[in-house]
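Visitor: I'd like to look at this one with you and ask how you know what you tell me. Can we begin?

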Amino acid sequence: MTNAVELPLPEELPPDHRSGFVALMGKPNVGKSTLLNAWLGIKISAVSPKPQTTRTRLLGILTRPDAQVIFVDTPGIHQPKNKLGDFMVQAAKRALPDSDLVLFIVDVSRPPSEEDEQVARLFRGCEVPVFLVLNKTDLISGDRLEANQAAYEALGHFDEVMRISALTGYNREELLEKIIARLPLGPRYYPEDQLTDQQERFIAAELIREQVLRFLEQEVPHAIAIVIQEFKERPNGMLYISAYIYTEKESQKGIVIGRKGAMLKRIGQEARKSLEAFFERRVYLDLWVKVRKNWRRKEHYLREFGFSPH
Ligand SMILES: Nc1nc2c(ncn2[C@@H]2O[C@H](COP(=O)(O)OP(=O)(O)OP(=O)(O)O)[C@@H](O)[C@H]2O)c(=O)[nH]1
Ligand SMILES: [Mg+2]
């Protein structure tokens, strides 16, 4: 009798297996998170038509027999107006030194702005390959597309330039193949069934915040933080999630709740649908609205809400 435990054999990977970290960088609202979700085939990163949707760095892991690509979704780089903005821009910039390849994602339906130039400057002297990804080609064609493309290409030296549409799928797989071909030979860093480095609670909070961004206007959605209080599976298989929606002011709390609670109900109904789709089971969602005065300017609140520098 021995106590020896039989260890599983290391996975058999082909000798030309490639892997690495691919940073998705760019100014807000160009489609970074949309592209990540499309490649993974599941929504793990919040998407909205409003700028500054993504607030923290998050990994999306794509595993195939021949490669493992670890995408790093980052907040859009912009001129920060508060401590949350500082945190977001720092989180985005920190993705650069750790990456094996960078995707500089732009919205080619519009000409470059000062923010695009700011992002392009980060890549100067960068040692890893940088691909210029011209997204949203479904919105533009002809001479305007040519002119915008030329203006983006003038922002730096790029190892690859590609027109895509994250939304329609145009050139999406072609770009993925080009990315993989540029990655170093290497092992799988994560188990094949792992999709992200974030916990389920984080994804749940983001799916709720996505609905807040969808239904509320102007500054209100940006002044929101979601904190999951309880995340439990009930014996009947239903997932029970309760969350606090924090606002910065009493007036914003009123807007989130809406007349006779109508807005909160709407947010809750839509969030429940996307939570059920993600977790593949029935969800009971309990939402509460609270105020944390000017939380985006206060270090201790940022930490409490999970935006800590490390
Ligand atoms: N027409 C069109 N719209 C797109 C495309 N890709 C993304 N969008 C839209 O652009 C908006 C912003 O998309 P996001 O993926 O949230 O952009 P982001 O770059 O992650 O933005 P931040 O997180 O704020 O930095 C959403 O309304 C998307 O539906 C595309 O290829 N074509
Ligand atoms: Mg995003």
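Visitor: How do you know how much area is buried between domain 1 and domain 2?
Guide: Buried area is the accessible area (1.4 Å probe) that two parts lose on being put together, summed over both. For domain 1 and domain 2 that comes to about 1600 Å², with carbon and sulfur atoms giving 54% of it. On the domain 1 side, Lys50, Arg55 and Lys83 lose the most area to domain 2, together 37% of what that side buries. Bear in mind that this is a predicted model: local features need pLDDT of at least 70, side-chain atom pairs count only at pLDDT 80 or more, and totals for chains, interfaces and linings use all residues. Side-chain values use heavy atoms, without hydrogens and water, residues are numbered from 1 along each chain as its sequence is written, and chains are lettered from A and ligands numbered from 1 in the order in which they are written.

Visitor: What makes these stretches domain 1 and domain 2?
Guide: An automatic or database domain assignment sets the bounds. Here it gives 18-182 for domain 1 and 200-304 for domain 2. Contact means heavy atoms within 4.5 Å, and 18 residues from domain 1 and 21 residues from domain 2 take part.

Visitor: Why is Lys50 with Glu217 called a salt bridge?
Guide: The rule wants a side-chain nitrogen of Lys or Arg within 4 Å of a carboxyl oxygen of Asp or Glu. The closest N and O atoms of Lys50 and Glu217 are 3.9 Å apart, so the pair fits that rule. The count between the two domains is two salt bridges.

Visitor: And what makes Ser33 a polar contact of ligand 1?
Guide: A polar contact is a pair of N or O atoms within 3.5 Å; within protein, one must be able to donate a hydrogen and the other to accept it, and residues adjacent in sequence count only if both atoms are side-chain atoms. An N or O atom in the Ser33 side chain is 2.9 Å from an oxygen atom of ligand 1, so it qualifies. Polar backbone atoms do it too: Gly76 has one 3.1 Å from a ligand 1 oxygen atom, and Leu167 has one at 3.2 Å.
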